[in-house]
Amino acid sequence: MDDSRWIDAALALASRGRGRTAPNPNVGCIIVAPGSGGGKVVGRGWTQPGGRPHAEAMALAQAGEKSRGATVYVTLEPCAHVSPRGPACADLLILSNVARVVVALEDPDARTNGAGIARLRDAGIIVDVGTGETAARAQIAGFLTRLSEQRPHVTLKLALSLDGAMALDSGASKWITGAAARGHAHLERARHEAILVGRATIDADSPTLDVRLEGLAERSPRRVILSRTPAFAPADGDSAGWENLGAPEAIGALDAVDHLLVEGGPATAAAFLAADLVDRLLLYRAPILVGGGRTLPDIGLTDLADAHGRWALTDARTLGSDRLEVYERVRGRVRTRTAAATPGARG
């Protein structure tokens, strides 16, 4: 039970780096020294913006000599490769004389992929693997998707009325949901490296796509426009800070983006669904009726049977007067690549 408790705490630390660490995964680490009451925390760390320092390096620097004989809880296998940006975390742990390492998830990066665990065990360190694995996979979904699919993990946000409208017939969608739901959506923005909308949304709403939550404004994601028009810019002519993609399938070209939030209107949402590029769905439902509004166009289904079994409900909650449901796309397990140079691998 103590292992689960400390891994949960390490996962909470890992969430602090979500959307800021690409191409590295957002990892959390806690170092617990022996003591009464289940031990004493002597070091905490999480992957820093840009991917360095790694969580283990940050926690070990805080713990100093107190790491000797301690147990380390880390959400991803310590890396085994030396990078120009820093040493291998497995080597740092060995030099710090820790006694035990609890790893939630093995690293699928071909340069580590079990080598970090093996190196620790060869040095006489006890290593236990698997506590919190499912939660750890969800925590670094962007990193895993980039490794296996060479694209970001895609979250699609949909705000709907009770009758399924995403906007008025004019295309205007401000505001379907209330303040609490919009605040949650801004928190989601802060957890993604980039946010994408379609050209129709730009024309109808002129969104800023920033994070308007106190203390998180600096975590506003990069802005991406989905448009077939090359170098399309908003109507005000301000193209600074905007990136342009001609099709959903082009998202793999977004540099240092492991988590992409799609907030576009019906056409953009349908394009990503038709391409089967949505991994996670945020469905905000407001207790209003619109009537005659815009909803999802065709997403390529020809048989209702094909619509079943694709989505699994993972969370549901009330946000003010609105209802949030979170769904995950049901896919096969993330594949591990074995090539020496894995696209998107961490450094």
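**Strands, helix α1 and cysteines in the predicted model**

Both faces of strand β4 are covered. Arg100 and Val102 are buried on one side, and Val101 and Val103 are buried on the other. The model described here is predicted. Strand β4 pairs with β3 in the parallel sense, over four bridges. Within this pairing, Tyr73 has Val102 of β4 as its bridge partner. Val102 thus appears twice: it is buried, and it bridges to Tyr73.

Helix α1 covers residues 2–14. At 1.5 Å a residue, its 13 residues should span 18 Å. The C-alpha atoms at its ends are 18 Å apart, in agreement with that expectation. Seven positions of α1 are listed as buried: Asp3, Trp6, Ile7, Ala10, Leu11, Leu13 and Ala14. Viewed down the helix axis, the buried residues fall within an arc of 155°, so they line one face of α1. These residues pack against four strands and a helix: β1 (28–33), β2 (40–46), β3 (71–74), β4 (100–103) and α5 (133–139). The paired strands β3 and β4 are therefore both among the contacts of the buried residues of α1.

A separate description applies to the open sheet. Eight strands form it, in the order β9-β8-β7-β10-β6-β11-β13-β12, with mixed pairing. Strands β9 (242–245) and β12 (311–319) stand at the edges. Each has a single partner strand, so one side of each is left without a neighbour in the sheet. From one strand to the next, the twist averages 25°. Inside the order, β7 (residues 194–198) and β10 (residues 259–262) pair in the parallel sense. Three bridges join them. Leu196 stands opposite Val262 of β10.

The cysteines were examined next. The structure holds zero disulfides. A disulfide requires two cysteine sulfur atoms within 2.5 Å. For Cys29, the closest cysteine sulfur is that of Cys89, at 8.4 Å, which is too far for a bond. Cys29 is buried, because its relative accessible area is 0%, and the cut-off for burial is under 20%. For Cys89, the closest cysteine sulfur lies in Cys79. That separation is 3.8 Å, again too far for a bond. Cys89 is buried as well, with a relative accessible area of 1%.

Note on methods. Residues are numbered from 1 along each chain as its sequence is written. This is a predicted model: local features need pLDDT of at least 70, side-chain atom pairs count only at pLDDT 80 or more; totals for chains, interfaces and linings use all residues. Side-chain values use heavy atoms; hydrogens and water are left out. Two strands pair if DSSP finds at least two bridges between them. Helices (H or I, at least four residues) and strands (E, at least two) are DSSP runs, numbered from the N terminus. Axes are lines fitted to C-alpha atoms, for helices over the stretch in contact, and angles run from 0 to 180 degrees between N-to-C directions. The expected span of a helix is 1.5 Å times one less than its number of residues. Buried means under 20% relative accessible area, exposed over 50%, partly exposed in between (1.4 Å probe, protein chains only). The arc is that of the directions from the helix axis to the C-beta atoms. Contact means heavy atoms within 4.5 Å.
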